[in-house]
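Let's take a walk through this protein together. Have a look at the sequence and the fold below, and then we will go from one spot to the next.

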Amino acid sequence: MLYNCECCGLEHEGWPALTYSVPNNYSWLSDEEKEEMADVDEDFCVIEYPDEVIRFIRCVLIQKVNDHCQDLQYGVWVSLSEKSFENYRENYNNDNHETVYFGWLNNTIKGYEFPESIPTNVVTQKGNNRPLIFPHDDFDHPFVKDFYNGITKAEAENRIQNMINGTVKKS
(Lines give C-alpha, C1' and ligand atoms only; values in the text may rest on other atoms or scores of the structure.)
Protein backbone atom coordinates (compact mmCIF):
# COMPACT_ATOMS: atom_id res chain seq x y z
CA MET A 1 0.00 0.00 0.00
CA LEU A 2 1.40 3.41 -0.97
CA TYR A 3 0.54 6.53 1.00
CA ASN A 4 1.67 10.14 1.26
CA CYS A 5 3.19 10.91 4.64
CA GLU A 6 1.61 13.81 6.54
CA CYS A 7 4.92 14.67 8.19
CA CYS A 8 7.38 14.67 5.29
CA GLY A 9 5.04 14.80 2.28
CA LEU A 10 6.84 11.89 0.61
CA GLU A 11 5.26 8.71 -0.69
CA HIS A 12 5.97 5.60 1.39
CA GLU A 13 5.17 1.92 1.03
CA GLY A 14 3.66 -0.14 3.82
CA TRP A 15 1.17 0.84 6.46
CA PRO A 16 1.29 4.22 8.16
CA ALA A 17 0.59 4.53 11.85
CA LEU A 18 -2.85 5.91 12.67
CA THR A 19 -1.89 8.88 14.80
CA TYR A 20 -3.63 11.44 16.94
CA SER A 21 -1.68 14.66 17.36
CA VAL A 22 -3.39 15.58 20.65
CA PRO A 23 -5.55 13.91 23.32
CA ASN A 24 -9.32 14.21 23.00
CA ASN A 25 -9.51 16.49 26.04
CA TYR A 26 -7.24 19.02 24.30
CA SER A 27 -9.17 18.92 21.02
CA TRP A 28 -12.41 19.64 22.92
CA LEU A 29 -11.04 22.95 24.23
CA SER A 30 -11.81 26.24 22.52
CA ASP A 31 -8.87 28.15 21.03
CA GLU A 32 -8.99 30.51 24.00
CA GLU A 33 -8.99 27.61 26.50
CA LYS A 34 -6.07 25.98 24.69
CA GLU A 35 -4.10 29.19 25.05
CA GLU A 36 -5.01 29.76 28.71
CA MET A 37 -5.22 26.25 30.18
CA ALA A 38 -3.11 23.87 28.13
CA ASP A 39 0.49 23.10 27.33
CA VAL A 40 1.07 20.51 24.59
CA ASP A 41 3.99 19.26 22.51
CA GLU A 42 4.69 16.04 20.59
CA ASP A 43 4.92 13.87 23.72
CA PHE A 44 3.32 15.67 26.67
CA CYS A 45 0.08 17.52 27.32
CA VAL A 46 -1.09 19.20 30.54
CA ILE A 47 -4.50 20.80 30.89
CA GLU A 48 -5.16 22.90 33.99
CA TYR A 49 -8.89 23.06 34.56
CA PRO A 50 -10.10 25.24 37.45
CA ASP A 51 -10.77 22.18 39.64
CA GLU A 52 -8.20 19.65 38.39
CA VAL A 53 -5.08 19.11 36.29
CA ILE A 54 -5.04 16.31 33.72
CA ARG A 55 -1.74 14.99 32.34
CA PHE A 56 -1.23 13.02 29.14
CA ILE A 57 1.62 11.29 27.36
CA ARG A 58 1.86 10.01 23.82
CA CYS A 59 2.11 6.23 23.40
CA VAL A 60 1.96 3.46 20.83
CA LEU A 61 -0.74 0.82 20.60
CA ILE A 62 -0.06 -2.14 18.30
CA GLN A 63 -3.16 -3.88 16.90
CA LYS A 64 -2.58 -7.49 15.88
CA VAL A 65 -3.63 -8.28 12.30
CA ASN A 66 -4.44 -11.98 12.05
CA ASP A 67 -4.02 -12.68 8.35
CA HIS A 68 -1.04 -10.45 7.57
CA CYS A 69 2.63 -10.21 8.56
CA GLN A 70 2.39 -6.55 9.56
CA ASP A 71 0.47 -5.19 12.54
CA LEU A 72 -1.38 -1.88 12.66
CA GLN A 73 0.11 0.83 14.85
CA TYR A 74 -1.71 3.67 16.55
CA GLY A 75 -0.11 6.79 18.01
CA VAL A 76 -2.46 7.60 20.89
CA TRP A 77 -2.55 9.55 24.15
CA VAL A 78 -3.21 8.29 27.66
CA SER A 79 -3.82 10.18 30.87
CA LEU A 80 -1.59 9.41 33.83
CA SER A 81 -1.68 10.27 37.49
CA GLU A 82 0.49 13.20 38.57
CA LYS A 83 3.01 10.86 40.18
CA SER A 84 3.31 8.62 37.09
CA PHE A 85 3.45 11.61 34.74
CA GLU A 86 6.25 13.25 36.72
CA ASN A 87 8.18 9.98 36.93
CA TYR A 88 7.85 9.49 33.17
CA ARG A 89 8.90 13.09 32.47
CA GLU A 90 11.90 12.82 34.82
CA ASN A 91 13.03 9.64 33.03
CA TYR A 92 12.10 10.75 29.51
CA ASN A 93 15.74 10.82 28.34
CA ASN A 94 16.80 7.78 30.37
CA ASP A 95 17.59 5.05 27.81
CA ASN A 96 17.28 2.33 30.46
CA HIS A 97 14.02 3.39 32.11
CA GLU A 98 11.55 0.51 32.20
CA THR A 99 8.37 0.55 34.22
CA VAL A 100 4.60 0.13 33.97
CA TYR A 101 2.06 2.86 34.69
CA PHE A 102 -1.72 2.78 34.83
CA GLY A 103 -3.36 5.07 32.28
CA TRP A 104 -6.65 5.85 30.54
CA LEU A 105 -6.89 5.87 26.73
CA ASN A 106 -7.76 9.40 25.63
CA ASN A 107 -8.44 9.09 21.91
CA THR A 108 -11.54 7.77 20.22
CA ILE A 109 -10.66 5.04 17.74
CA LYS A 110 -12.85 5.22 14.63
CA GLY A 111 -15.31 2.37 14.37
CA TYR A 112 -15.85 2.07 18.11
CA GLU A 113 -18.06 3.89 20.57
CA PHE A 114 -16.41 5.04 23.78
CA PRO A 115 -19.00 5.89 26.42
CA GLU A 116 -16.12 5.75 28.89
CA SER A 117 -12.35 5.64 28.68
CA ILE A 118 -10.49 2.34 28.52
CA PRO A 119 -8.03 1.46 31.30
CA THR A 120 -4.55 0.55 30.07
CA ASN A 121 -1.12 -0.50 31.20
CA VAL A 122 1.53 1.88 29.89
CA VAL A 123 4.83 0.05 29.42
CA THR A 124 7.94 2.17 28.94
CA GLN A 125 10.67 0.85 26.65
CA LYS A 126 14.44 1.02 26.66
CA GLY A 127 16.03 3.30 24.12
CA ASN A 128 13.65 6.24 24.50
CA ASN A 129 10.95 4.72 22.35
CA ARG A 130 7.41 5.83 23.13
CA PRO A 131 5.67 3.61 25.68
CA LEU A 132 3.43 0.77 24.52
CA ILE A 133 -0.09 0.53 25.86
CA PHE A 134 -2.11 -2.56 26.56
CA PRO A 135 -5.84 -2.29 27.32
CA HIS A 136 -6.91 -4.20 30.42
CA ASP A 137 -8.14 -7.53 29.08
CA ASP A 138 -10.93 -7.75 31.64
CA PHE A 139 -12.52 -4.48 30.44
CA ASP A 140 -15.65 -5.37 28.43
CA HIS A 141 -15.42 -3.36 25.22
CA PRO A 142 -15.33 -4.33 21.50
CA PHE A 143 -12.02 -2.48 21.03
CA VAL A 144 -10.41 -4.49 23.83
CA LYS A 145 -11.73 -7.75 22.35
CA ASP A 146 -10.32 -6.79 18.92
CA PHE A 147 -7.00 -5.82 20.50
CA TYR A 148 -6.57 -9.30 22.00
CA ASN A 149 -8.29 -11.35 19.27
CA GLY A 150 -6.87 -9.40 16.31
CA ILE A 151 -8.50 -7.89 13.24
CA THR A 152 -8.37 -8.86 9.57
CA LYS A 153 -6.06 -7.38 6.97
CA ALA A 154 -9.14 -6.00 5.19
CA GLU A 155 -10.25 -4.21 8.37
CA ALA A 156 -6.75 -2.79 8.94
CA GLU A 157 -6.56 -1.51 5.36
CA ASN A 158 -10.05 -0.02 5.70
CA ARG A 159 -8.94 1.91 8.81
CA ILE A 160 -5.82 3.14 7.01
CA GLN A 161 -7.77 4.15 3.91
CA ASN A 162 -10.28 6.05 6.03
CA MET A 163 -7.39 7.92 7.65
CA ILE A 164 -5.77 8.72 4.30
CA ASN A 165 -9.09 9.92 2.91
CA GLY A 166 -9.53 12.18 5.90
CA THR A 167 -12.48 10.38 7.42
CA VAL A 168 -10.64 9.66 10.66
CA LYS A 169 -11.22 12.58 12.98
CA LYS A 170 -7.86 14.11 13.67
CA SER A 171 -7.98 15.24 17.25
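R89 lies over the face of F44, at 5.1 Å from the ring centre. A charge counts as sitting over a ring if NZ of Lys or CZ of Arg is within 6 Å of the ring centre and within 35 degrees of the ring normal. Keep in mind that this is a predicted model, in which local features need pLDDT of at least 70 and side-chain atom pairs count only at pLDDT 80 or more, while totals for chains, interfaces and linings use all residues. Residues are numbered from 1 along each chain as its sequence is written, and side-chain values use heavy atoms, with hydrogens and water left out.

F44 also belongs to an aromatic cluster, together with F85, Y88, Y92 and Y101. Rings of Phe, Tyr and Trp (its six-membered ring) pair if their centres lie within 6.5 Å; planes under 30 degrees apart count as stacked, over 60 as edge-to-face and the rest as tilted.

Two of these cluster members, F85 and Y88, bring us to helix α3 (residues 82-90), where they are buried along with S84. Seen down the helix axis, the buried residues fall within an arc of 100°, so they line one face of α3. That arc is taken from the directions from the helix axis to the C-beta atoms. On the other side of α3, K83 and E90 are exposed. Here buried means under 20% relative accessible area, exposed over 50%, and partly exposed in between (1.4 Å probe, protein chains only). Helices (H or I, at least four residues) and strands (E, at least two) are DSSP runs, numbered from the N terminus.

What covers the buried face of α3? The cover includes β5 (44-48), β6 (53-63), β7 (72-80) and β8 (100-105), with contact meaning heavy atoms within 4.5 Å. I57 has contacts with F85 and Y88, and its other partners include F44, W77 and P131.

I57 and L72 touch the most other members of the largest nonpolar core, which has 42 residues. Such a core is a set of buried Ala, Val, Leu, Ile, Met, Phe, Trp, Tyr and Cys residues joined through side-chain atoms within 4.5 Å. Strand β7 gives the largest share, six residues.

Finally, back to the rings: there are eleven aromatic pairs. One of them is Y112 with F114, edge-to-face at 6.4 Å centre to centre and 65° between the planes. Y112 is buried, at 11% relative accessible area.

Definitions and conventions:
Lists of a residue's contacts leave out its neighbours within four places in sequence.
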